[in-house]
Amino acid sequence: MKKNNMITPEGTRDLLFEECLARRSVESKLADAFRTRGYNEVMTSGLEFYDVFDPKYSGINPEEMYKMSDRRGRILVMRPDSTMPIARLVATRLKNHQLPLRLFYTQPVYRSNPGLAGRLDENAQAGIEFMGASGIRADLEVLTTAVEALSSCAPDFRLELGHAGFFRELAHQMPVSEEQLEDIRSAIETKNYAALDTILDTLPQTAAVHGMRRLPRLFGGEEVFAQAREICSTEKAQKTLSYLHKIYHAVQDLGLGERVIVDLGMVQRNDYYTDIIFTAYTEGYGDSILMGGRYDNLLAQFHCPMPAIGFGINVDALTRIALAHGHYNAPSAAQILVFGENGYSIKALSHARALTKQGLRCETSVAQTRAEAEDYARSLGIRRLDVVGDQITEVLL
Amino acid sequence: MKPLRIALTKGRLEQDTVAMLDKIGICCDSVRNKGRKLILPVGDGSIEVVLAKAADVITYVEHGVCDLGIVGKDTILESHGSFYELLDLGFGKCRFALAGPVGHDFFSGYHTKVIASKYPNVARNYFEGKSMNVQIIKIEGSVELAPLLGLADAIVDIVETGTTLKENGLAVIDTICQISARLIANSASLKLRKAEIEALVAQMEKAKEEQK
């Protein structure tokens with residue numbers, strides 16, 4: 001049998017040197033942004049029971065989860081998402097804690113993607129969950145945090161707002177089966193106008209059907225709100241629209257200006273998001289770099305009903321951007337190489353310790369001769385050699 | 001501003017697309033006289049055309065290295081992926097069909113049917129929808145050979161006129177779905193370059209209506 005001991009599985013990779021620095025730099029900038037706003041870090045297990053991610057409420061395709069079984073034959077998965085585990089954690093260990101809870105995480109998630117498409121199965125993510133509060137203040141708190149976190153890492157991005165209420169309200173007024181509704185939702189999600197028309201043409205042409213037809217086309221800036229007014233026939237829909245409009249203005253005022261856009265046709269993970277949904281895009285990255293929204297029904301699945309909102313940031317995407325823009329500390333050689341003459345190796349080690357205590361980066365040489373140590377220092381670009389014998393001599397190379 | 005990049009499926013769809021672009025005033029002479037170049041500026045240079053194989057069009061658009069793509073629905077159904085499907089361009093029309101030897105009832109008998117196809121995912125979805133267990137074999141070339149040689153009971157393939165089927169003693173058993181060329185867009189591109197893309201889509205839509 002062919003041995004696979006020299007490669008990593010498809011969809012995974014090793015990170016080296018500047019890649020690690022860029023990734024850590026992104027992670028620490030995001031963590032700082034979260035921490036300064038009062039969010040506390042949690043880490044959840046990499047292995048979870050499959051039941052935590054029940055597709056009925058998680059909206060995660062079971063075929064995308066890496067599965068295995070434990071000693072008792074129960075199905076485990078490699079964490080495909082961080083929100084469900086945090087909901088589980090809150091519902092069990094934090095249920096008596098003062099609300100709202102401000103939590104953040106920096107940990108990878110695992111999804112099995114179709115092969116050879118250039119997608120990663122192991123994705124670095126960072127994000128927050130704000131649990132136990134609803135209303136415009138809570139929503140804006142989370143959006144502000146999203147903007148601040150992204151601003152620290154992405155030079156230019158657009159934040160896009162949507163709301164799950166439009167689709168839900170229109171769907172409510174239409175005489176369609178669950179399967180048909182899923183077809184409609186999927187056509188709207190992919191902005192497949194042709195497929196959407198084909199389905200809707202078979203239905204009685206009511207105001208709701210007309211609204212559904214318009215929904216995926218309603219994206220852009222301020223003008224969308226005027227255009228949307230006609231499809232919001234019910235009082236509830238009107239309320240949703242004016243709520244979103246308020247949020248839109250508030251986010252504009254936060255300094256994003258024209259960089260905030262809306263798309264009423266955002267219908268991702270239907271039944272998971274309950275109210276506002278938001279995402280972010282940046283030039284040069286073909287997918288969203290942030291995904292989030294309000295999911296008020298999730299905690300009830302863990303017998304601890306409470307409103308909640310959160311988002312996850314694609315750390316791999318931001319790392320790529322940081323690498324492209326040189327936004328990280330380039331790896332550099334040690335400042336000093338410490339070489340101990342024969343019989344002075346202990347003295348050399350304590351000299352190195354004294355130097356590192358001052359904050360200098362130094363390596364201790366394992367060479368047999370001073371000439372070897374010098375060659376080594378030159379090849380790595382280390383500019384100073386400290387030779388430790390009876391005395392300590394600094395040699396500049 | 002970077003030019004808008006459109007990935008174009010080489011071959012027949014390429015000709016139809018070039019004709020459509022010419023019609024809406026985007027001169028495609030550079031595509032007609034392309035030589036060996038693979039990235040070609042068209043019109044006033046605000047658009048670039050990239051020539052690629054059908055499945056690659058989807059890959060390029062999905063990753064956002066091309067903003068738009070023109071590709072057949074057959075390829076979309078076979079490879080999936082996440083992108084926006086903005087427009088049915090109305091050309092490149094044909095259909096997916098299940099076809100088998102003339103005079104033989106495909107659905108008779110108890111044995112598990114063997115299906116040959118260049119489009120295993122389309123075939124799988126079709127039979128899953130019918131709750132039928134079949135054995136699917138991927139064939140790269142002329143799929144019509146498989147039933148003739150006795151390898152398969154039927155084939156799932158693109159049918160245009162049905163002439164090839166007829167000449168080989170095969171006939172359509174069931175139409176799976178209609179196919180035509182589609183305009184697809186990268187999801188980030190559509191949001192970041194909305195005005196440009198929508199203007200182009202509107203022009204293409206108009207050209208399509210006039211064609212009717």
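In the predicted model, the centres of domain 2 and domain 3 of chain A, taken over C-alpha atoms, are separated by 67 Å. The domain assignment of chain A places domain 2 at residues 158–265 and domain 3 at residues 336–396. Domain 1 of chain A is assigned to two stretches, 12–156 and 282–328.

Two helices of chain A were examined as a packed pair. Two packed helices are described by the angle between their axes and the distance between the axes. For helix H5 (residues 164–172) and helix H10 (residues 235–256) of chain A, the angle is about 170° and the axes lie 9 Å apart. Because angles over 145 degrees count as roughly antiparallel, H5(A) and H10(A) are roughly antiparallel to each other. On the side of H5(A), the contact is made by A:Gly165, A:Phe166 and A:Glu169. These residues meet A:Lys236, A:Ala237 and A:Thr240 of H10(A). By class, the contact of H5(A) with H10(A) is made up of two nonpolar, two polar and two charged residues.

In chain B, five strands form an open sheet with mixed pairing, in the order E8-E7-E9-E6-E10. Strand E8 (134–138) and strand E10 (170–179) of chain B are the edge strands, each of which pairs on one side only. On average, neighbouring strands of this sheet are turned by 25° against each other, direction ignored. Within the sheet, strand E6 (residues 94–101) and strand E9 (residues 154–159) of chain B run antiparallel and are joined by five bridges. Across this pairing, B:Phe96 stands opposite B:Ile158 in E9(B). A helix is also associated with these strands: helix H5 (residues 120–129) of chain B lies across E6, E7 (113–117), E8, E9 and E10 of chain B. The direction of H5(B) is at about 170° to that of E8(B).

The two chains touch each other through 17 residues from chain A and 15 residues from chain B. On the side of chain B that touches chain A, the elements that give two or more residues are helix H3 (54–62), strand E5 (84–88) and helix H8 (187–192) of chain B. Of these, E5(B) gives the most, with five residues. The residues on this side of chain B divide into five nonpolar, five polar and five charged.

Methods
Residues numbered from 1 in each chain as written. Chains lettered and ligands numbered in written order. Predicted model: local features only at pLDDT ≥ 70, side-chain atom pairs only at ≥ 80, totals over all residues. Contact = placed C-beta atoms within 7 Å. Helix = DSSP H or I, 4+ residues; strand = E, 2+ residues; numbered from the N terminus. Nonpolar A, V, L, I, M, F, W, Y, C, P; charged D, E, K, R; others polar. Axes fitted to C-alpha atoms, helices over the stretch in contact; angles between N-to-C directions. Parallel < 35°, antiparallel > 145°, perpendicular 65-115°, else oblique. Domains from an automatic or database assignment. Pairing = 2+ DSSP bridges.
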